[in-house]
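Student: I should like to examine how the terms used for a structure follow from its values. May we work through some cases together?

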Amino acid sequence: MMILLTVVGGDAHGHTIAKVIERTSEDRLEVEQGSLHPALHRLEDRRWVSSYWDPSENNRKAGFYRPTAEGRKQLVRETGRWRQMIAQSAL
């Protein structure tokens with residue numbers, strides 16, 4: 001869910017996705033590259049993100065990820081489930 005939430009804000013490469021997740025979690029979550037890239041590939045296999053190659057900020061070739069229409073729908077479903085869980089735990 002956090003990866004989809006990150007890329008829905010704009011196309012991003014793995015390093016940027018990891019840093020955004022860490023920053024938005026106030027460094028409570030540490031994203032390891034060895035975990036992030038397999039997760040990105042799973043999201044691609046599910047057709048929730050697509051990828052392309054482009055130069056990064058430091059002019060190195062990097063894989064960038066963007067959400068697909070199905071990925072955006074999945075994010076809405078997951079966000080709804082999360083809100084339901086939070087509401088139930090507050091009771």
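Tutor: Let us begin with a pair in helix 4: Arg 81 and Glu 78 are three residues apart there, so about one helical turn separates them. The model is a predicted one.

Student: What makes the pair Arg 81 and Glu 78 a salt bridge?

Tutor: The closest N and O atoms of Arg 81 and Glu 78 are 2.7 Å apart. The cut-off for a side-chain nitrogen of Arg and a carboxyl oxygen of Glu is 4 Å, so the pair qualifies as a salt bridge.

Student: Are Arg 81 and Glu 78 buried, partly exposed or exposed?

Tutor: Arg 81 has a relative accessible area of 46%, and Glu 78 has 24%. Partly exposed covers the range between under 20% and over 50%, so both residues receive that term.

Student: How many salt bridges does a search of the whole structure find?

Tutor: The search finds five. Among them is the one between Glu 22 and Lys 19, with the closest N and O atoms 3.3 Å apart. Another is formed by Arg 28 and Glu 26, where the corresponding separation is 3.2 Å.

Student: Where do Glu 22 and Lys 19 lie with respect to each other?

Tutor: Both belong to helix 2, and because they are three residues apart, about one helical turn lies between them.

Student: Why is Glu 22 called buried, and which term applies to Lys 19?

Tutor: Glu 22 has a relative accessible area of 11%, which is under the 20% limit, and therefore counts as buried. Lys 19, at 39%, is partly exposed. As for the other pair, Arg 28 and Glu 26 are both exposed.

Student: Which residues have the most contacts inside the largest nonpolar core?

Tutor: They are Ile 3, Ile 17, Leu 36, Leu 40, Val 49 and Tyr 65, in a core of 16 residues. Helix 1, helix 2 and helix 3 are the elements that each give two or more residues to this core. The largest share, four residues, comes from helix 3.

Student: What does Leu 40 touch beyond residues up to four places away in sequence?

Tutor: Leu 40 touches Ile 3, Gly 14, Ile 17, Val 49 and Tyr 65. In general, nonpolar side chains tend to be buried together in soluble globular proteins.

Student: Which residues form a nonpolar patch on the surface?

Tutor: The patch consists of Met 1, Trp 82, Met 85 and Ile 86, whose accessible area together is about 410 Å². Met 1 is located in the segment before helix 1.

Student: What makes Met 1 accessible enough to belong to the patch?

Tutor: Its relative accessibility is 40%, and a patch requires over 30%, so Met 1 passes that limit while still counting as partly exposed.

Student: What is notable about the phi of Asp 27?

Tutor: The phi of Asp 27 is near 65°, a positive value in a residue other than glycine. Most residues other than glycine have a negative phi. Asp 27 sits in the loop between helix 2 and helix 3. Arg 47 also has a positive phi, of about 65°, without being a glycine; its place is the loop between helix 3 and strand 2.

Student: How do you know that Asp 27 and Arg 47 are exposed?

Tutor: Asp 27 has a relative accessible area of 61%, and Arg 47 has 62%. Exposed means over 50%, so the term holds for both.

Student: Why is Ser 56 called buried?

Tutor: Ser 56 has a relative accessible area of 13%, under the 20% limit, and is therefore buried. This residue lies in the loop between strand 2 and strand 3. Leaving aside neighbours within four places in sequence, Ser 56 is in contact with His 13, Ala 62 and Phe 64.

Student: How confident is the predictor in the chain?

Tutor: The protein chain averages a pLDDT of 93, and 99% of the residues score at least 70. Confidence is lowest in helix 4, at a mean of 92, and highest in helix 3, at 95.

Definitions and conventions: Residues numbered from 1 in each chain as written. Predicted model: local features only at pLDDT ≥ 70, side-chain atom pairs only at ≥ 80, totals over all residues. Heavy atoms only, no water. Buried < 20%, exposed > 50% of the residue type's maximum accessible area, 1.4 Å probe, protein only. Core = buried A, V, L, I, M, F, W, Y, C linked by side-chain atoms within 4.5 Å. Contact = heavy atoms within 4.5 Å. Patch = residues over 30% accessible without salt bridge, like charges linked within 9 Å, V, L, I, M, F, W, Y side chains within 5 Å. Areas by Shrake-Rupley, 256 points an atom, 1.4 Å probe, with all protein chains shown as cover. pLDDT = per-residue confidence, 0-100.
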